[in-house]
Amino acid sequence: MVDYAIQVEHLSKAFPRTSGYRDMLTFWRRQYRHALDDVTLNIPRGGVFGILGPNGAGKTTLLKVLAGLITPDAGGVTLEGVDVTGDPVGSKARLTYVPADERTLYWRLTGRQNLQFFAVLNEIPARERKRRVAEVLDLVGLTDRADERVIKYSTGMKQRLAIARGLLDNPGILLLDEPTRSLDPAAARQLQRFIKDDLAARLGKTVVLATHNMEEATNLCELVAILHQGHVRAWDRATAIAERLGGPARFAVTLTGPTNGVVHQLQALPGILSASRTAGGGAEDLSLELTVADPERDIPAVVEFLVQHGERVMRVSQVKASLSDAIAGMAEEAA
Amino acid sequence: MTSKLLAMLKKDWDEALSYRLAFLMQAGGVVAPVVAMYFLARVFDGVDVAGLARYGGNYVSFILIGIIVTSYSGTAAQAFSSGLRRAQLAGTLEVLLLTRASLPTIVVGWSLYPFLRSTVMALVYLAGGFAILGLALTNMDLPATFLVFALTVAIMASLGILAASFTLVFKQGDPFTMVLLMASGLLSGVAYPVSVLPEWLQAVAQVLPQTHAIEGMRLAVLQGYSVQEIAPQLALLGIYAGMLLPLSWWVFSCAIHRARADGSLAHY
């Protein structure tokens, strides 16, 4: 039996569309936008899990509902067996939420003062407080800068301090809302390593990561939920989702030597959805990317056509679909 | 709960201290009115002001009590909504609500530093009044003074919590508290007795809780009236507090519920 850290059952949340005073006054005919629509998700204990989707997909709303900051219209959330709406105090102890906004710390205070303040509010006993603050500072690598004001910290340091604050009372679940959004590539990689190696692997935390960064989701997450217009469109390994939702099969074809201008003719073949030249290959080579409807039928036909027209086919390989393709496919489908 | 409240007070103190110039100017701002009061005392020295006999006849003592009560009332009425607004703007409201501190603890915590500032200011006024302005505190009836003070703070804090509810839902400072404080400053007898107002304005003044708070405080502090002697003022203040406290807390709970429902806790 799988041990779930988070169980989300048929969760729905709609927000009123209000764009002006007129909408506010005519509340009886208000229209609603579904931020979450019948979301069901079971997240296992331990590891990094991704909530991936474009802006406005409902990622932050989902995390805030999990954290108890937004009340759902329907459905329920259980955190390590504790119902969020039924036992808000019990559920608070099981998770921490690190918002995307870096302005959730007191910038005029030092890092240590911030943590000491939140340690008191989180009821960490006075005799343990100093040690616990030192531990989490060490864990996020801020011990040397702990007595500087937060206003002097870089964005990455603020993000790490916010995570340290969340770790003070040692919750099992961490909800991170786009933690690398404002970081430069080096700082982002450092934080990603920390999330995967320290939080998930070493400390055994369940980390739920909202992101619109495909690479981050692919590299960090064991399972990824694709959220689109409030619906969970997929919940699987990143590679499996990419294969399933990545759209029609794409193939890279490399020809060598002088070509006879076959690209235009290829486009006219049955089953070929698109054919285009791509960069790559040697000076004498021509690289093509083909999108086909039925690979088993269409690729042999393409090779036969090229050989019949005197082309020398060096290589044919399938282009692996990425999460980006999956997201782009969904966006096209929705449009 | 005490340790959490103290932590919130210390955090606000540390933050205030980090703005050194503003902190020094605030400290200077407390002393300046005492100096102004000194010159006012010289103007009114030996002058028999009509309508002050009920309060001992000393204008400086009269106005000093009016200013102290008004200052506390202003703090109580504004501390909660300004604390909430600061947390919304700084982005700390959601993370505070995610801690194990209860909602009442957080709300009360927001008001502690402003109350500390008002208390320091009141003590400086009283010390200055006692040392250089001839304010006599020997008559003061402590139980009556304490009761008037507690009921006044309860009433104004209720109005403050109502203002915070408005801020939570509409994301702007509420205009009603501002109007009430302005009306109280003009009509409640802070700088002049209510009896000098036209009759129709006197009737309006009687509706304002601060009128009875200032009257009760002056009688208890300057004339030494006992609890029984200021029973009419205490009764009125008690009725206001009894109605407003539960009402304000219920409205605030509704506002929090509404902000959680429409996902606007962090909006500003």
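Q: What share of the contacts in chain B with a separation of 6 or more comes from residues 24 or more positions apart?
A: In this predicted model, the share is 80%. A contact here means two C-beta atoms, placed from the backbone, within 7 Å.

Residues count from 1 along each chain as its sequence is written, while chains are lettered from A and ligands numbered from 1 in the order written. Local features need pLDDT of at least 70, side-chain atom pairs count only at pLDDT 80 or more, and totals for chains, interfaces and linings use all residues.

Q: How many helices and strands does chain B have?
A: Chain B has ten helices and zero strands. Both are DSSP runs numbered from the N terminus: helices (H or I) of at least four residues, strands (E) of at least two.

Q: Why is chain B called as compact as a globular protein of 268 residues?
A: Its radius of gyration, over C-alpha atoms, is 20 Å, close to the 18 Å of the globule rule, so the label fits. That rule is 2.2 Å times the number of residues to the power 0.38.

Q: What makes the span of helix 1 of chain B agree with expectation?
A: Helix 1 of chain B (residues 2-18) has 17 residues and should span 24 Å, at 1.5 Å times one less than that number. Its end C-alpha atoms are 24 Å apart, so the two agree.

Q: Which residues of helix 1 of chain B are buried?
A: Lys4(B), Met8(B), Lys11(B) and Asp12(B) are buried (20 or more other C-beta atoms within 10 Å of their own).

Q: Why are the buried residues of helix 1 of chain B said to line one face?
A: Seen down the helix axis, they fall within an arc of 90°, so they line one face. The arc covers the directions from the axis to the C-beta atoms.

Notes:
A residue is buried if 20 or more other C-beta atoms lie within 10 Å of its own, exposed if 12 or fewer, and partly exposed in between; C-beta atoms are placed from the backbone.
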